[in-house]
Amino acid sequence: MSKPLDYENLNENVKKCQYAVRGELYLRASELQKEGKKIIFTNVGNPHALGQKPLTFPRQVIALCQAPFLLDDPNVGLIFPADAIARAKQFLAMTSGGLGAYSDSRGIPGVRKEVAEFIERRDGYPSDPELIFLTDGASKGVMQILNSVIRGPSDGILVPVPQYPLYSASIQLLGGSLVPYFLEETANWGLDINDLRQSVAQARFKGITVRAMVIINPGNPTGQCLSVANLKQIIQFCHQENLVLLGDEVYQQNIYQDERPFISARKVLLDMGPPISKELQLVSFHTVSKGYWGECGQRGGYFEMTNIPPKAVEEIYKVASISLSPNVPGQIFMGLMVNPPKPGDISYDQYVRESKGILESLRRRAHMMTDGFNSCRNVVCNFTEGAMYSFPQIRLPPRAIEAANKLGKAPDVLYCLRLLEATGISTVPGSGFGQKEGFLGLQKCYGSSNNAQLLEKSDMHPSKFLKSPSNIGFWICGAGGGGGGGDGGI
Amino acid sequence: MRRFVSHKARNLITKTSTISSTICSSSTISPLNSLSPAAAALRFLSTLHPHSMDSITIDTINPKVLKCEYAVRGEIVTIAQKLQQDLKDNPGSHPFDEILYCNIGNPQSLAQQPITFFREVLALCDHPSILDKSETQGLFSADAIERAFQILDQIPGRATGAYSHSQGIKGLRDTIASGIEARDGFPADPNDLFLTDGASPAVHMMMQLLIRSENDGILCPIPQYPLYSASIALHGGTLVPYYLDEQTGWGLEISELEHQLNTAKSNGIDVRALVVINPGNPTGQVLGEANQREIVEFCKKEGLVLLADEVYQENVYVPDKKFHSFKKITRSMGYGEKDISLVSFQSVSKGFYGECGKRGGYMEITGFSPEVREQIYKLASVNLCSNISGQILASLVMSPPKVGDESYESFSAEKEAVLSSLARRAQALQDALNSLEGVTCNRAEGAMYLFPRINLPDKAIKAAEEAKTAPDAFYAKLLLNATGIVVVPGSGFRQVPGTWHFRCTILPQEEKIPAIVSRLTEFHKKFMDEFCG
């Protein structure tokens, strides 16, 4: 008897969707790890899996919230500082029953207020907590918004190429169309508005209604920080073309150069004043998974809506309510991230020291990796201005490409597999992120603390495989960790 | 088409050069007349799109979003929240002092206490650096400390802040699999487990896999927990209802399943799966073993995936019923991987632990081909993983303290206290409801709800129609405004047409139950007096 759920009768959208970050390379790496090989997972931005320590203060607060009976114990002050105790009490008072009760489907109102205040401090404009929804990680928020926008296959979403494959995967799952716009590697992964117009026109010519535009700022996998001028152009473009702007800003704390600090899309929009500031529809996403917090496993995130009409907000709320509420501990992490210890607090110095330590280390590694890649033959790597990734381009010789074609694999997949077998370094091929035709790349993150060793190990000389270079490049992206580091595999 | 376009584009070049300068004064877009004809044509094409509608409005939002409903946090709750605010701003503005939320299975929001041992372990896992401090031993029980060490050893680098394997941490899945085996007497494979942020995301995943179009149907019990109707709507499928029989304690008849299946087929619906909620929500019935065997045979015969929602497995209040998992039933019938596709859902939100806010749960998938399992894994991987703390909690729920463990006695006492209290409250509310005129209420054999049926008088039904509200919603709103008690109208769960119900949880604190009973009784009497004339 044929099974009721067979590969053949599965939802097509599921079959078509791809998510390379945990795809072929990751699965192969996990297999090798099971066989006893030492693997360094650099496929996903997962800092704690590669040794980055959690910040102390939030962990103290959440532990107290988990076990409120501790708060009544006279000895609690022996292992928890007074400000953590106070903060835990504050958070518990915001809930309707501690960590174990479903909260408001949008998230705890008190935490959303903290988020709004953070946004106001950051941008200089007030933010409405009613338009902020906390989610189980930013990914869930992205899916919720895309689900609201995409009605069918003729709805298109503009997505940067290369992109973080959550977007392509989600659009596919939701049955929409991905409309790519290409970032220009030679212009520091910059965006050319004319290219954008062209992408939109081509899509419309094919009968696609372009509904939204995704920007990832700082970029993933590319790491570039958008300039104010670029952001303005994008905002005007979206306004003219009637697109919702989706601003993935999860790496806003990860900035490794001083020329282009992070400026939120919302701030640029509001600076531009009416009418555009009151008309352009924007949804901004943030998370506790990145920055210097790196609390991926907590699944804490939010989205903030600007200029979305009340009835539409109601519908988005309705869908959120079906899942009842985002996880409460993750919400508290978010509250702590946007409202951390202040000068004068007992834990302030420790908090600053730990945060700075992580950021400075990330900045150092950004330089080391970029310089390291650029010192390899046939490898070109833009500096990582932000985020957590290197996306080097490797020019792969024709013989390697031939070998790959014979195996039925994309050349960058072959390169990454060989790199994995030779060095134990698990990366993600650039084809997983999308790239310009004729270019191939792979992704490597640097969460590992021992980068010099990493680079020596990687020894990425195409000459290892072949003789003469040709004009095919690889993009190597590295993420700060792997699927649970040593837990990779089934 | 091309000739038309370039002709129009040439006309447009002269027309829009003035427009472009007003729109884009601060942009770097070059004026149209300096563009090549091709570029101008492209520019023109981009203006063909009507700009009159905003991108996200009620008119342009995904229609599947508009279609789906979720009454548990729907209209009645919005009204309740407004009333609550009224009471805060203006005490005495209503004939009650507080809102009593009886709409949602959220025990800890109504003062149910969490299980101490679970919270101890979770706190230690959240902040592992205190495990090395001697003072910690004075604050936590020894077996909680030991358990935390065990769990952390299963997490590389003790990094509870790292994304885990997309199915959940392997060691925790091993624990859960052992727990399933201990419960059922049949082995469970950790590779069959997918740990999720609550059971709901796992349900969504299965709907996503199963539903290709509106021609795909999913058999759902009526009344049902509206996650199912909402999820099916969101994924564009068709809900195929099968009616539970209120007269026989919400019995599930195979003949009804067959009848509905055949009707759906004759309407061109390809029925893919059968949802069974056991113990039931909102109906609270616990299936008998014989009934469960019939259901398994039915699914096997008809080639349906059996989706077994078993989140209330620890909530059984009657001595004559017992929970048996569908996994156990299928295996005890001698059916294995080749015979039936079964997905079993469990959650940390219910039972006696009630940890709703943690979002912990799992699905156990058996009887699927490797290709399909790969696709399920891929879906799980797009979201990377579920929250780690919830994963840990799921493993604790499925492997709690045992006889001999230091915390066993206090754990058992806490468990017993919660369960016996739930049973008492169920009985008290059930008796109260049955004493109301025109109301009948089946007993709550399990779960957390009562689903009484009200025989609404014609006058009330007419008044509801005039108010453009479903009659049970009409009743529920009047109840709320008079007493502050929030229940969910039966229409939110669907019911046999022409019958009216509401769902009331058994969760308010025991000391509040008498007040609820008296207020409800008083309201109901007034209601019947008014509408029975």
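Two residues are in contact here when heavy atoms lie within 4.5 Å. Keep that in mind while looking around this predicted model, starting with one helix in chain B.

**A covered helix**

Helix α15 of chain B runs over residues 388–397, and 10 of its 10 residues are buried, so the helix counts as mostly covered. Buried means under 20% relative accessible area. The residues in question are I388(B), S389(B), G390(B), Q391(B), I392(B), L393(B), A394(B), S395(B), L396(B) and V397(B).

What do the buried residues of α15(B) pack against? Part of the answer is in chain A, namely α3 (56–66). The rest is in chain B: the helices α5 (116–126), α7 (142–153) and α8 (170–184), plus the strands β2 (193–196) and β7 (342–347).

**The two chains**

Now step back and take each chain as a whole. The table puts their values next to each other.

| Chain | Helices and strands | Buried residues | Accessible surface |
|---|---|---|---|
| A | 17 helices, 15 strands | 67% of 490 residues | about 16,300 Å² |
| B | 19 helices, 14 strands | 62% of 533 residues | about 20,100 Å² |

Carbon and sulfur atoms own 53% of the accessible surface of chain A, and 52% of that of chain B.

How do contacts in each chain relate to the sequence? Take the contacts in chain A with a separation of 6 or more: residues 24 or more positions apart account for 75% of them. In chain B, among contacts between residues at least 6 apart in sequence, 71% join residues at least 24 apart.

**Two helices side by side in chain A**

Next, find helix α5 (residues 109–123) and helix α13 (residues 328–338) in chain A. Their axes come within 9 Å and cross at roughly 30°. Angles under 35 degrees count as roughly parallel, and α5(A) and α13(A) are therefore roughly parallel to each other. Their crossing is left-handed.

Which residues make the contact between α5(A) and α13(A)? From α5(A) come V111(A), E114(A), V115(A), F118(A) and R121(A), while α13(A) brings Q331(A), M334(A), G335(A) and V338(A). Sorted by class, the contact has five nonpolar, two polar and two charged residues.

**Some backbone oddities**

Most residues other than glycine have a negative phi, and most peptide bonds are trans. Here are a few spots that go the other way.

Start with the peptide bonds. In chain A, the bond from N220(A) to P221(A) is cis, with omega near 10°. You'll find P221(A) in the loop between β5 (209–216) and α9 (228–241) of chain A. Chain B has a cis peptide bond joining I222(B) and P223(B), where omega is about 0°. P223(B) belongs to the loop between β3 (216–222) and α10 (227–234) of chain B.

Then there is phi. A387(A) isn't a glycine, but its phi is positive, near 65°. This alanine is in the loop between β9 (379–380) and β10 (389–390) of chain A. Is A387(A) buried or exposed? With a relative accessible area of 0%, A387(A) is buried.

W250(B) also has a positive phi, near 65°, and isn't a glycine either. Look for W250(B) in the loop between β4 (238–243) and α11 (254–266) of chain B. The relative accessibility of W250(B) is 3%, so this residue counts as buried.

Key. Residues are numbered from 1 along each chain as its sequence is written. Chains are lettered from A and ligands numbered from 1 in the order in which they are written. This is a predicted model: local features need pLDDT of at least 70, side-chain atom pairs count only at pLDDT 80 or more; totals for chains, interfaces and linings use all residues. Side-chain values use heavy atoms; hydrogens and water are left out. Axes are lines fitted to C-alpha atoms, for helices over the stretch in contact, and angles run from 0 to 180 degrees between N-to-C directions. Helices (H or I, at least four residues) and strands (E, at least two) are DSSP runs, numbered from the N terminus. Angles under 35 degrees count as roughly parallel, over 145 as roughly antiparallel, 65 to 115 as roughly perpendicular and the rest as oblique. A crossing is left-handed if the near helix is turned anticlockwise from the far one by less than a right angle, and right-handed if clockwise. Ala, Val, Leu, Ile, Met, Phe, Trp, Tyr, Cys and Pro count as nonpolar, Asp, Glu, Lys and Arg as charged, and the others, Gly among them, as polar. Buried means under 20% relative accessible area, exposed over 50%, partly exposed in between (1.4 Å probe, protein chains only). Accessible areas come from the Shrake-Rupley method with a 1.4 Å probe; for residues, only the protein chains shown count as cover.
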